[in-house]
Amino acid sequence: MIVEIQKGLSARGDEAVIDAGGCAVIPGLHDHHIHLNATAAARSSIQCGPPAIQNADQLAAALHNAPGAEWIRGVGYHQSVAGEIDRAWLDVHGPDRPIRIQHRSGRLWIVNSLALSRLGTAAPKDGRLLDSDPCIAKALGVFPPDLAPVVSDLLSWGVTGVTDTTHTSQLKDASTLADRTGPLRLLAMGDASMDAAFAGNSLIGPRKFHFHDHDLPALDELVKSVRAAHLCGRPAAFHCVTLAELMLALAALEDAGAINGDRIEHGAMASDAAMIWMAQMGVPVVTQLGFLNERLPAYETDVPSTDKTMLWRHQGYLNHEVALAAGSDSPFGDLNPWKAMARAVKRPVGFGVDEALAPEDALAGYLKPAEDVSSDPRRLCVGAPADIAILDRNWETSKQDLSLVQIAHTILDGLIAYSKMSSTNPH
């Protein structure tokens with residue numbers, strides 16, 4: 001806990017003294033939208049999409065050069081590389097090993113014939129498995145990946161807390177995740193099975209509703225589910241990457257009655273009318289500040305010109321008085337928050353340059369309280385948790401290019417969790 005803030009404080013007893021050298025000192029960042037297990041698993045996978053892989057020849061080479069002799073797990077595929085690849089394509093262009101490649105949306109797995117036979121599932125003959133994570137986990141077994149490298153990287157970027165937004169999580173999954181994330185503060189979303197345990201449990205976050213444009217639930221059924229969560233005091237979070245998904249979520253919240261903590265995830269497509277509706281209900285958005293730049297080549301060709309100014313809006317939310325928080329959506333987005341902030345500040349031409357954020361507003365997205373992203377950004381003040389990031393430069397220099405910012409020290413719960421000057425991470 002921060003107990004005193006004054007100029008010229010003297011150390012008491014064995015208190016450590018850190019000379020910040022005139023550099024910026026800020027609250028620890030919070031990644032408000034991340035998938036921890038998937039992020040860790042992606043690190044032992046090969047990249048199959050932009051920017052690392054740009055065409056079919058590069059993808060084939062990456063598959064043949066994959067280390068090991070058994071399963072090949074690929075991530076980040078996008079059809080701009082080689083089109084709508086399927087089992088037959090992988091059989092021809094891949095090595096004689098079981099292969100499964102995840103589309104960058106996170107919903108589609110593409111497998112070859114050998115993998116299809118290993119999975120033993122009644123999958124489509126083309127080897128394109130949609131929303132099949134539970135079936136794949138059942139067939140292959142669940143082996144939780146090592147989260148230590150992910151935690152170490154987050155601490156090195158000044159991140160002291162995360163919200164895991166995996167919609168299938170249950171209470172036991174959240175508890176296990178908390179045990180594996182070391183010192184990081186964790187809020188875990190999940191399914192309806194966690195509703196009853198929400199009251200008084202600081203680990204449990206909103207109930208996650210993960211629907212899709214091609215298969216939207218009936219409004220009355222969605223309202224019923226939202227009300228069930230609200231009766232337990234649990235807010236609702238809605239995965240919304242299309243305008244249709246966003247409008248359905250807002251209609252459900254209006255019917256059920258929005259409560260504090262309800263939120264929109266992504267908000268990738270949003271009209272002014274939708275933003276006005278959100279503001280009227282006090283519903284915030286947790287968006288990804290770097291996605292537009294990270295996926296720019298695909299957006300330039302795939303998104304109709306009439307929609308480009310509605311894509312990944314940021315300043316527009318603030319102009320409409322909609323609270324804005326930020327998360328990486330890792331592994332589907334870059335885990336480094338400073339790169340994401342920099343991308344939000346420099347908006348590409350043709351995608352609503354007036355949606356660019358000021359550096360201070362980009363940073364504020366990572367400073368919102370985990371349990372209530374509608375609130376003001378956290379500040380360093382007496383009584384606040386001693387979660388602190390000390391930058392390697394002052395703020396005036398930092399905001400010239402946020403992607404260059406590095407962290408000198410990360411303090412979590414009053415203890416040094418990361419120090420750039422140390423050859424090893426204290427965690």
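Two strands count as a pair if DSSP finds at least two bridges between them.

**View 1. Strands β5, β6 and β7, side by side.** This is a predicted model, so treat each view here as a prediction. With that in mind, take β5 (residues 99-103) and β6: they run antiparallel and are joined by 3 bridges. Across this pair, Ile101 sits opposite Ile110 of β6. The two strands make a hairpin with 4 residues between them, and Gly106 in the turn shows a positive phi of about 85°. Over on β7 (residues 128-130), β6 finds another antiparallel partner, again through 3 bridges. There, Ile110 has Arg128 as its bridge partner. Now look at the side chains along β6 (residues 108-111): Leu108 and Ile110 point one way, Trp109 and Val111 point the other way, and all of them are buried.

**View 2. The open sheet of 8 strands.** Follow the strands across and you get the order β2-β8-β9-β10-β11-β12-β13-β14, paired in parallel. What holds neighbours like these together? Strands of a sheet pair through backbone hydrogen bonds, either parallel or antiparallel. At the edges are β2 (29-34) and β14 (324-326), each of them pairing on one side only. The sheet isn't flat-on from strand to strand: neighbours are turned by 25° against each other on average, ignoring direction.

**View 3. Zooming in on β8, β9 and helix α7.** How many bridges join β8 to β9? Strand β8 (residues 159-164) and strand β9 (residues 185-190) run parallel, with 4 bridges between them. One spot to find is Thr163, whose bridge partner in β9 is Leu187. Helix α7 (residues 171-180) packs on the sheet here, touching β8, β9 and β10 (204-209), and its direction makes about 160° with that of β9.

**View 4. Thr181, tucked into a loop.** You'll find Thr181 in the loop between α7 and β9. Is Thr181 buried or exposed? Its relative accessible area is 1%, so Thr181 counts as buried, the cut-off being under 20%. Setting aside residues up to four places away in sequence, Thr181 touches Leu36, Leu147, Val151 and Leu186. A polar atom of the Thr181 side chain also lies 3.2 Å from the backbone oxygen of Ala178.

**View 5. The open sheet of 4 strands.** Here the order is β1-β15-β16-β17, and the pairing is antiparallel. Its edge strands are β1 (25-27) and β17 (415-419), each pairing on one side only. On average, neighbouring strands in this sheet are turned by 25° against each other, with direction ignored. Look closely at β16 (residues 407-412) and β17: they pair antiparallel over 4 bridges. Along that pairing, Ile411 stands opposite Ile416 in β17.

**View 6. Inside the largest nonpolar core.** This core has 72 residues, and those touching the most other members are Leu29, Phe238, Ile264, Leu289, Trp338 and Met341. Which helix gives the largest share of the core? That's α9 (residues 243-256), with 7 residues. A second core, separate from this one, has 17 residues, including Ala62, Ala66, Leu90 and Ile101. Ile101 is a residue you've already met in View 1, opposite Ile110.

**View 7. Who surrounds Trp338?** Leave out the neighbours within four places in sequence, and Trp338 is in contact with Ile26, Leu29, Trp157, Leu363, Leu391, Leu402, Ser403, Val405 and Ile407. Leu29 and Trp338 are both among the core members that touch the most others.

**View 8. Tyr299 and its company.** Tyr299 belongs to helix α12 (residues 296-302). With a relative accessible area of 11%, Tyr299 is buried. Which residues does Tyr299 touch, not counting those up to four places away in sequence? They are Phe291, Leu292, Lys308, Leu311, Trp312 and Phe351. Phe351 is 52 residues from Tyr299 in sequence, with 9.4 Å between their C-alpha atoms in space. Trp312 has a further link, a polar contact of 3.0 Å between its side chain and that of Tyr299.

**View 9. How far to trust the picture.** The chain's average pLDDT is 94, and 98% of the residues score at least 70. Residues 423-427 are another story: pLDDT stays under 50 there, and the model has 13 contacts beyond four places in sequence for this stretch. Where pLDDT is low, the predicted coordinates should not be read in detail.

Technical notes. Residues are numbered from 1 along each chain as its sequence is written. This is a predicted model: local features need pLDDT of at least 70, side-chain atom pairs count only at pLDDT 80 or more; totals for chains, interfaces and linings use all residues. Side-chain values use heavy atoms; hydrogens and water are left out. A nonpolar core is a set of buried Ala, Val, Leu, Ile, Met, Phe, Trp, Tyr and Cys residues joined through side-chain atoms within 4.5 Å. Buried means under 20% relative accessible area, exposed over 50%, partly exposed in between (1.4 Å probe, protein chains only). Contact means heavy atoms within 4.5 Å. A polar contact is a pair of N or O atoms within 3.5 Å; within protein, one must be able to donate a hydrogen and the other to accept it, and residues adjacent in sequence count only if both atoms are side-chain atoms. Axes are lines fitted to C-alpha atoms, for helices over the stretch in contact, and angles run from 0 to 180 degrees between N-to-C directions. pLDDT is the predictor's confidence in each residue, from 0 to 100.
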